[in-house]
Amino acid sequence: MRILVVGSGGREHALVWKIAQSKLVDKIFCAPGNGGITQQAECIDIKAEDIPRLLEFARKEKIDLTVVGPEIPLSQGIVDEFSNYKLRIFGPSRLAARLEASKVFAKELMAKYKVPTADFEIFDNPDAAFKYIEKIGAPCVVKANGLAAGKGVVVAKTIDEAKQAVSAMMQEKIFGESGNKVIVEECLEGQEASILVFTDSREVIPLASSQDHKRIFDNDKGPNTGGMGAYSPAPIVTKELFDEVLQKIIYRTIDGLAKEGIDYRGVLYAGIMITKEGAKTLEFNVRFGDPETQAIIPRLKSDLLEVILGVTEGKLNNIIKTGGLKWDNRACVCVVCASGGYPGDYEKGKEISGLDEVAKMRDVLVFHAGTKKLSALSCQLSAKYVTSGGRVLGVTGLGNTIKEAIDRTYQAAGKISFQGMHYRRDIGARAL
Ligand code: AMP
């Protein structure tokens with residue numbers, strides 16, 4: 001089969017790396033991909049949001065299956081466009097992708113179908129939001145309705161902070177249209193975890209549990225980022241909790257969507273808070289998480305492509321009949337190496353050293369997120385890479401215990417360097 005993977009981060013590198021191991025694959029393209037992805041796929045210079053050109057490419061190159069990584073093309077309807085041309089594509093339709101693209105849609109669906117989540121109110125007028133904030137007091141959480149690159153949520157410790165967030169979103173329009181409506185909700189307390197499942201809208205196959213680290217600094221200090229690391233499994237997600245999340249969150253959501261006339265196909269990701277009253281939904285994502293995917297996929301023993309095809313064909317029951325997904329019992333840890341200055345401004349083009357040495361290590365993988373490969377001319381012996389993004393590499397290690405995985409991953413990360421490189425030193429420590 002000829003495969004096209006859409007996206008350019010560590011998540012897409014992990015997907016490409018895994019798909020490349022399938023017997024069903026003849027050739028993989030990645031649009032736009034990154035330096036490291038060129039190890040397994042031909043990268044083509046088309047942006048993930050450029051649906052017309054992706055469509056043209058898929059038709060011309062006779063792509064048998066397209067796998068979409070990021071949320072923006074999904075929310076723009078890439079799946080609907082490809083399906084119109086009978087091109088097989090993995091991911092939810094535009095309507096289903098509203099579960100992530102519109103927090104108002106997600107909250108209203110959850111309220112209607114009794115999916116546990118924080119109590120909330122929706123506002124399209126700042127004054128009404130201010131009044132409500134005064135009524136419920138702090139802490140509370142303010143969320144922009146639309147996509148905001150993971151920055152649209154403010155957990156406010158004071159009433160003033162909450163009001164400022166509303167004002168920034170609704171009046172200053174820092175996220176543009178995404179802030180036309182805001183949600184003000186109850187602040188939940190507990191530990192967070194991520195539950196991801198494959199679904200073809202009838203059947204559900206869970207992926208291994210995971211937990212990510214969003215803040216830039218150790219001990220969850222500093223501003224939020226796209227994610228600085230992850231580990232799998234998340235010991236906090238016991239079998240009982242997993243079942244509770246499946247029953248009360250995942251099935252109710254997929255069934256609720258079906259009742260609204262929306263078939264959900266793809267990966268559904270529930271970010272949950274484990275509260276004293278049980279698991280509550282913080283958010284839905286309509287795609288694989290990044291960096292969670294980099295900690296989950298190395299543990300998957302089954303053929304990822306077969307599962308993806310099971311989803312697109314509506315035949316996940318065949319995978320279930322043959323025993324479901326097979327997982328490596330070992331733990332996996334992914335540490336993100338970031339550019340100096342990230343999540344603020346950072347410089348690009350810094351040469352990365354140490355990758356050859358890490359390539360010789362057992363049970364270690366390096367997924368590239370923001371790298372560019374230098375042209376063959378400038379690389380004498382082996383490939384050379386320079387930085388080209390904020391999150392540069394996802395250094396990933398497996399171990400018999402989480403401790404062993406952590407040690408191995410940090411041993412590998414210690415061999416890699418580029419000017420300004422920084423990473424958290426406590427990824428996975430929460431699980432110990
Ligand atoms: P979201 O994009 O909705 O997952 O929000 C991003 C982060 O904000 C989550 O990972 C939580 O750490 C935090 N958060 C979101 N909603 C709440 C809430 N209701 N209570 C406490 N923290 C929250």
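So, the surface: the protein chain exposes about 18,800 Å², and carbon and sulfur atoms supply 48% of that area. Keep in mind that this is a predicted model, so every value I give you is computed from it.

Now from the outside to the inside. How many of the 432 residues count as buried? The share is 57%.

Okay, overall dimensions. If you line the chain up along its principal axes, the C-alpha atoms fill a box of roughly 65 × 45 × 40 Å. As for what's in there, the chain has 14 helices and 23 strands. Its radius of gyration is 21 Å, close to the 22 Å that the globule rule gives for 432 residues, so the chain is as compact as a globular protein of that length.

What about contacts along the sequence? Take the contacts with a separation of 6 or more: 71% of them are between residues 24 or more positions apart.

Let's zoom in on one pair of helices. H1 covers residues 10-19, and H11 covers residues 304-312. Their axes come within 8 Å and cross at roughly 105°. Angles from 65 to 115 degrees count as roughly perpendicular, and therefore that's what we call H1 and H11.

Which residues of H1 and H11 meet? On the H1 side you'll find Leu15, Lys18 and Ile19; on the H11 side, look for Leu304, Leu305 and Ile308. Sort that contact by class and you get five nonpolar residues, one charged residue and no polar ones. The charged one is Lys18, because Lys counts as charged, while Leu and Ile count as nonpolar.

That's my tour, thanks!

How values were computed
Residues are numbered from 1 along each chain as its sequence is written. This is a predicted model: local features need pLDDT of at least 70, side-chain atom pairs count only at pLDDT 80 or more; totals for chains, interfaces and linings use all residues. Side-chain values use heavy atoms; hydrogens and water are left out. Axes are lines fitted to C-alpha atoms, for helices over the stretch in contact, and angles run from 0 to 180 degrees between N-to-C directions. Helices (H or I, at least four residues) and strands (E, at least two) are DSSP runs, numbered from the N terminus. Angles under 35 degrees count as roughly parallel, over 145 as roughly antiparallel, 65 to 115 as roughly perpendicular and the rest as oblique. Contact means heavy atoms within 4.5 Å. The radius of gyration is taken over C-alpha atoms; the globule rule is 2.2 Å times the number of residues to the power 0.38. Buried means under 20% relative accessible area, exposed over 50%, partly exposed in between (1.4 Å probe, protein chains only). Accessible areas come from the Shrake-Rupley method with a 1.4 Å probe; for residues, only the protein chains shown count as cover.
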